[in-house]
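Work through the exercises below with the sequence and the model open. Each task is followed by a solution in steps.

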Amino acid sequence: MNTLRPAVRRASAAGLALAACLTASPTAATAAAPPGTDRDRTTTAADTTGAGLGRYYRQHLDWGTCVKGPDDTMGRDLEKAGVRCADVTVPLDYADPRGRTITVAISRLKATDTRRRIGSVLLNNGGPGGSAIESPPDVRKAMKRVGPRYDIIGFDPRFVGRSTPLDCDWPVGTSISSAGLGRASFERQITLHKSLADKCRTANAPVLPHVSTRNTARDMDVIRGTLGERRISYLGYSYGTYLGTVYTQMFPGRYDRMVLDGALAPQDYSPRLLQGAEGENERALSDWAAWAAEHDDTYGLGRTRAEVLATVDRVYTASARGPLTVGTAPDVFRIDDTQVPFLLIAGVADDSEGERAAFGEQVSVLARAADGRPTRLSPQFAAMLRRALMGEDAQSGSVQSAIICGDKAAPRDPEVYWRDIERSRAAHPLFGPLANNIGPCAFWDRPREKPTRVRRDAPALIVAATGDPRTTYRSSVALHGMLPSSRLITLKGANRHAVYGLYGNACVDAEVNTYLATGKLPAHDRTCVKRPG
């Protein structure tokens, strides 16, 4: 789910980072059903045309430069890599295809082995709300010899990145935060999240009912049609696995090879994104603490795992007494007990050496601040704090929440959250109040559609690390059980969210690339092992 950190480096930060009106009734039985609904179980190209969508599927794409202006370094990098970009026009409301339209930005790195071309593969990096416009060159490298046989398609889902934007003008970059150590901090959270929901409603009331995973899946099918593909392949990370699963249920027969990395079972996708993952995050933090103890000469956090974890607890407790001041002008931040758990959980999604070192540096800064000592921030840590805490990445956080709240209803009563928080403290004192905290969805209007249920099998390749602290291994196994024809590639011993092409595990990468090359799933589930170091 690309919460807090990107599911992959290519995705946006924050999170592990979304003529109807908000008072309109959900689609009633008398309304026309959008394509891809449960009443449209065998949708064909003719059916979508009949639904008034033919002009969207038949539109001509104007492929051109990805450079948007003189400061667009990403666009220039894509240009150098041979990537071209286009905008796909889609209806805001699929039940009203002749009404308002929006655009979805896509990019394409064309196949160079045209004689053996397989087709197009569509990318999603998670989030919700992650961009994948910039991803095709990196995915081409990950695919190795099979890469040149595909047109690799990145896209920014509706209201993300270069697509028609949605921005709630939030003062923070993410809605993921902790309830803190007491009732007073929880009351402040109620006020904050109500204000975030109100800001979104004020700025974006006409479009919020149409910000949802199901509509993104419908956009994906329009993209497939505009590319001239009868079936399209898909690579999704984190939340992108939920999106991919939804697509298989709404548009059976329209997909080819389906790779779901860091998979999320539909029942585990909810407004409280990290609920149920407290234990995995605590184990990842504990493993990192053991590593930090071995590097005490560098970070000064303790010489044993227990000492390092005690330092973390001291930081958390100190932040509850009064916000910690970190940094030097102009980058000075005040961090309290509702924010410290977010920073900690953001640091444990990757157990590679470089990421552990960066997290060690960040915790050492917080520890010095807890002692009242002056601190200096690395440019990377300062940028992360600006995005998450100061609203620099408000657009990403806005869209993430809009998608989640548009997908599934949340409890409305703050006391429900408070009871869950209090119950969680005994077993999970650090991460329980974050995973069970209230959020903007408690104050959102009800979703327009019901959540997608898995009723069809789908022959997908699921990739999962046993220590994934975001989309847990348990969730990947559960999705595997719901899709009997799927196969599961397990990476044993890694605390890592998103593996293929990113973690450097040759076993996982080879399994995925063989499937992408042949279209044949392994005969049985496979287990790969994390390499030492």
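**Exercise 1: Two positive phi values**

At 52% relative accessibility, Lys144 counts as exposed, where exposed means over 50% relative accessible area, buried under 20% and partly exposed in between, with a 1.4 Å probe and protein chains only. The model is predicted: local features need pLDDT of at least 70, side-chain atom pairs count only at pLDDT 80 or more, and totals for chains, interfaces and linings use all residues. Residues are numbered from 1 along each chain as its sequence is written, and side-chain values use heavy atoms, with hydrogens and water left out.

Task: Is Ser238 buried or exposed, and where does Ser238 lie?

Solution.
- Step 1. Phi of Lys144 is positive, near 50 degrees, and Lys144 sits in the loop between helix 3 and strand 4 (150-155). Helices (H or I, at least four residues) and strands (E, at least two) are DSSP runs, numbered from the N terminus.
- Step 2. Ser238 also has a positive phi, near 55 degrees; its loop runs between strand 5 (232-237) and helix 6 (239-250).
- Step 3. Ser238 has 1% relative accessibility and therefore counts as buried.
- Step 4. Most residues other than glycine have a negative phi, and most peptide bonds are trans.

**Exercise 2: Cis peptide bonds**

Task: Which residue does a cis peptide bond join to Gly127, and which to Ala329?

Solution.
- Step 1. Gly127 is joined to Pro128 by a cis bond with omega about -5 degrees. Pro128 is in the loop between strand 3 (119-124) and helix 3 (136-142).
- Step 2. From Ala329 the cis bond leads to Pro330, with omega near 5 degrees. The loop holding Pro330 lies between strand 7 (324-328) and strand 8 (331-335).

**Exercise 3: A helix pair**

Task: How are helix 4 and helix 14 oriented to each other, and which residues meet?

Solution.
- Step 1. The axes of helix 4 (residues 183-204) and helix 14 (residues 414-425) come within 12 Å and cross at roughly 140 degrees. Axes are lines fitted to C-alpha atoms, for helices over the stretch in contact, and angles run from 0 to 180 degrees between N-to-C directions.
- Step 2. The two helices are therefore oblique to each other: angles under 35 degrees count as roughly parallel, over 145 as roughly antiparallel, 65 to 115 as roughly perpendicular and the rest as oblique.
- Step 3. Arg183, Phe186 and Ile190 of helix 4 meet residues of helix 14, among them Trp418 and Ile421; contact means heavy atoms within 4.5 Å.
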